[in-house]
Amino acid sequence: MAKRVILAVAGAGKTYRICHEMQPEQKNLIVAFTHANIKNIQNELLKEHGKIPDATRIMTFDAFVYHMIIRPYEKTIYNFFGQNYKFEKTSITLKKPPQQRIKINGRYVPNKSYKKKDCLQHYMDERGQYYCETLSELAMYVKQGRESIVLTAAERLNLFFDNILIDEFQDFREHDYELIVKLSKCLKNILLVGDYYQHSVSGQNNSGKPFKKSKTEIGYEEFIEELRGERFDVDTKSLIYTRRCSEEICSFIRDKLGIQIQSAKINTGTVIRPSNIQEILDDKNIVKLVYDNASHYSFRAVNWSYSKGDTYDVVCVILNGSTEKLVEDKFSVSTLKTVTLNKLYVALTRSKGDLYIVTQDEFETVKEKYYK
């Protein structure tokens, strides 16, 4: 397997590929970004093998960093910071670490609770729990002699696992991304699968490396070159066919957004501009995807970004101000911010049937009736 990245399109079967790529008799570690991803992976493995293969482990990225990189080297970590290690059970916390500066009476002032990066308490709370947010940063910071503990951890991982497979790779940022890259330099076999155009959609980890350098956004081709520069073999072809969307919907996305998504032609569905908006909004079988504030409406609504990973029978996408001209011939994707483009792409690729599109102006004429 070596070092590979597969860049997929929405609905192409990223999870399916990971679960069918692995050899069940080998020692596999599958890492995913969220618990929802974990559940999907477990379901796919159960469907394929009738059980989770005995030699396969599945865990979230945070659990992976804690159990495989931090926990085995705690004594080294404590020694690195000049502290005595007590053989106590530690854990991780979802609490946010103290910020360097806080706002008081309208002014930003130094936060007395903040500890510098050369202090262990930068990475742990007062109860000795590791901040989930700084796990990768801690792993990257600590050295054992002249070597990073990441390299030592990678050698240990090679003993325990034949293959490491990471799902939804596009969701990793900054220290998390750098940790994956550093590990990959020493791992025997690693496979990363993700969709470039679904990055910056989750509501967290939305900025920074590898998709932003300073204030400059990193485009698709530049991202591929960066991965190749890190010695990854990048596959942009094998998962280009979505199993969810029809050819007409894919053609619409290629034409409007410039994203090269192709249809596996499993489902049929058309792009529809409804003449009777209220009929669509009142239909409980049609999921309405709105840019934000989905809970404010009486109809069945989901925010564009929250629909990531979902599949619906029929979808109605309600455009917002910056995407209003999507239905016009003169629409240009260059007018959209990257995050808006990616959220729109997610929304447009949720339906395995018809896709209704309603403009913001059209929705405004009836919005009051549905607003809670």
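In this predicted model, the largest nonpolar core contains 99 residues. Phe64, Leu257, Val317 and Leu348 have the most contacts inside this core. Helix H3, residues 61–70, supplies the largest share of the core, with 7 residues. Another core lies apart from the largest one and has 15 residues, including Ile286, Phe299, Tyr356 and Phe363.

Leu348 is one of the residues with the most contacts inside the largest core. Leaving aside neighbours within four places in sequence, Leu348 is in contact with Cys245, Ile249, Phe252, Ile253, Leu257, Val317, Leu326, Leu355 and Ile357. Among these partners, Leu257 and Val317 are themselves listed with the most contacts inside the core.

Leu348 also takes part in the packing of two helices. Two packed helices are described by the angle between their axes and the distance between the axes. Helix H9 (residues 247–257) and helix H11 (residues 338–348) pack at an angle of about 165°, and their axes are 11 Å apart. Because angles over 145 degrees count as roughly antiparallel, H9 is roughly antiparallel to H11. The crossing of H9 with H11 is right-handed. On the H9 side the contact is made by Ile249, Phe252, Ile253 and Leu257, and on the H11 side by Leu341, Leu344, Tyr345 and Leu348. By class, the residues of this contact are 8 nonpolar, no polar and no charged.

Helix H3 packs against helix H7, residues 174–184, at an angle of about 55°, with 12 Å between the axes. H3 is therefore oblique to H7. The crossing of these two helices, H3 and H7, is left-handed. Phe61, Phe64, Val65 and Ile69 of H3 meet Asp176, Leu179, Ile180 and Leu183 of H7. The contact of H3 with H7 comprises 7 nonpolar, no polar and 1 charged residues.

Helix H7 also packs against helix H6, residues 149–160, at an angle of about 60° and with the axes 9 Å apart. H6 and H7 are therefore oblique to each other, and their crossing is right-handed. From H6, the residues Val150, Leu151, Ala154 and Leu157 meet Leu179, Lys182 and Leu183 of H7. The contact of H6 with H7 divides into 6 nonpolar, no polar and 1 charged residues. Leu179 and Leu183 of H7 thus appear in the contact with H6 and in the contact with H3.

Towards the N terminus, two buried residues were examined individually. Thr60 lies in strand S3, residues 56–60, and counts as buried because its relative accessibility of 11% is under 20%. Apart from neighbours within four places in sequence, Thr60 is in contact with Val31, Ala32, Thr34, His35 and Ile38. Ile41 is found in helix H2, residues 35–49, and is likewise buried, at 0% relative accessibility. Not counting residues up to four places away in sequence, Ile41 touches Thr15, Cys19, Ile30, Ala32, Ile58 and Asp167. Ala32 is thus a contact of Thr60 and of Ile41. Ile41 and Cys19 are 22 residues apart along the chain, and their C-alpha atoms are separated by 6.9 Å.

Most residues other than glycine have a negative phi. Two residues with positive phi were noted. Phi of Glu168 is near 50°; Glu168 is located in the loop between strand S10 (163–166) and H7. Glu168 is buried, with a relative accessible area of 10%. Phi of Lys265 is near 60°, and Lys265 is in the loop between strand S16 (262–263) and strand S17 (271–272). Lys265 counts as exposed, because its relative accessibility of 64% is over 50%.

Glu362 lies in helix H12, residues 360–364. At 22% relative accessibility, Glu362 counts as partly exposed. Arg273, Ile277 and Ile357 are touched by Glu362, when residues up to four places away in sequence are not counted. One of these, Ile357, is also in contact with Leu348. The C-alpha atoms of Glu362 and Phe161 are separated by 55 Å, with their positions 201 residues apart along the chain given as the sequence separation.

Conventions:
Residues are numbered from 1 along each chain as its sequence is written. This is a predicted model: local features need pLDDT of at least 70, side-chain atom pairs count only at pLDDT 80 or more; totals for chains, interfaces and linings use all residues. Side-chain values use heavy atoms; hydrogens and water are left out. Helices (H or I, at least four residues) and strands (E, at least two) are DSSP runs, numbered from the N terminus. Buried means under 20% relative accessible area, exposed over 50%, partly exposed in between (1.4 Å probe, protein chains only). Contact means heavy atoms within 4.5 Å. A nonpolar core is a set of buried Ala, Val, Leu, Ile, Met, Phe, Trp, Tyr and Cys residues joined through side-chain atoms within 4.5 Å. Axes are lines fitted to C-alpha atoms, for helices over the stretch in contact, and angles run from 0 to 180 degrees between N-to-C directions. Angles under 35 degrees count as roughly parallel, over 145 as roughly antiparallel, 65 to 115 as roughly perpendicular and the rest as oblique. A crossing is left-handed if the near helix is turned anticlockwise from the far one by less than a right angle, and right-handed if clockwise. Ala, Val, Leu, Ile, Met, Phe, Trp, Tyr, Cys and Pro count as nonpolar, Asp, Glu, Lys and Arg as charged, and the others, Gly among them, as polar.
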